Amino acid sequence: MRLPHIALSLAAAAALAAPVIAQPGQGSRGDGPGGRMEMLHGSGTPADVKAGTYAVEPAHTQVTFSVSHMGISPFAGTFAGGSGTMTLDPKNLAATKLNVTIPVTSVQTTSDKLTEELRSADWLDAAKFPTATFVASSVTPRGPDAAAIEGTLTLHGVSKPVTIMARFFGAAQNPMSKKDSIGFLGRALIKRSDFGVAKYVPMVSDETVLVINAAFEKQ
């Protein structure tokens with residue numbers, strides 16, 4: 001029997017994303033967020049990132065959650081359709097402002113049945129708590145290519161501090177929108193029970209890994 005699970009964050013939780021500047025291709029050396037090898041990298045260099053206010057590009061921003069299913073295998077799902085803004089100055093990352101909102105109703109898994117369960121009152125209760133938010137409170141550089149973003153994740157009506165470890169992915173002009181765009185990869189670890197989502201713990205793990213693929217367009 002398959003058991004669903006939930007998580008979120010940037011949502012930081014979103015929420016997602018982090019203002020960090022990195023050299024492309026560094027991930028191939030195995031030094032990506034969490035010490036894992038990053039197989040992809042984008043275009044541009046840190047010098048291509050322009051100061052200003054950016055908006056979340058919802059079609060290409062995703063939050064993926066993963067949990068341990070009965071100690072047998074990982075199980076994952078996604079949230080999409082985020083909105084929010086980031087005000088960024090690459091020369092003063094500590095002054096970065098970031099807020100992101102993710103619609104909880106956007107949750108998707110590979111099973112329609114599990115997806116509906118996650119939206120129900122037993123899990124995320126999307127009817128009562130339709131959004132998750134992440135608001136950054138501080139951004140601390142971690143070397144030339146990464147940053148720790150501390151902030152507050154509000155999920156399922158509960159607000160808790162969460163830290164997103166983030167890395168610059170790419171910077172280029174979007175050939176479709178003609179807007180200067182930047183992308184980041186973020187990771188965070190939360191306990192879903194901290195947010196009142198405790199169904200099937202521990203058969204479905206309390207620990208939830210969030211991976212944030214974040215795209216922003218300059219306004």
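Two strands count as paired here if DSSP finds at least two bridges between them. With that in hand, let's walk along a run of strands, S6 to S10, in this predicted model.

Start at S6, residues 97–103, which pairs with S7, residues 131–141, in the antiparallel sense over five bridges. One contact to look up is valine 100, whose bridge partner in S7 is phenylalanine 134.

S7 also pairs with S8 (residues 146–155), again antiparallel, and eight bridges join these two. Here threonine 133 stands opposite threonine 154 of S8. Next, S8 pairs with S9 (residues 158–173) in the antiparallel sense over ten bridges, with isoleucine 149 standing opposite isoleucine 164 of S9. Then S9 is joined to S10, residues 180–191, by eight bridges, and that pair runs antiparallel too. Alanine 172 stands opposite serine 181 of S10.

If you're thinking about side chains, remember that in a regular strand they alternate between the two faces of the sheet.

Now for the turns. Which residue in each hairpin turn has a positive phi? The table has the answers.

| Hairpin | Residues between the strands | Turn residue with positive phi | Phi |
|---|---|---|---|
| S7 and S8 | four residues | glycine 143 | about 85° |
| S8 and S9 | two residues | histidine 156 | about 60° |
| S9 and S10 | six residues | lysine 178 | about 65° |

So much for the backbone picture: glycine 143 sits in the turn of the S7 and S8 hairpin, histidine 156 in the turn between S8 and S9, and lysine 178 in the one between S9 and S10.

Technical notes
Residues are numbered from 1 along each chain as its sequence is written. This is a predicted model: local features need pLDDT of at least 70, side-chain atom pairs count only at pLDDT 80 or more; totals for chains, interfaces and linings use all residues. Side-chain values use heavy atoms; hydrogens and water are left out.
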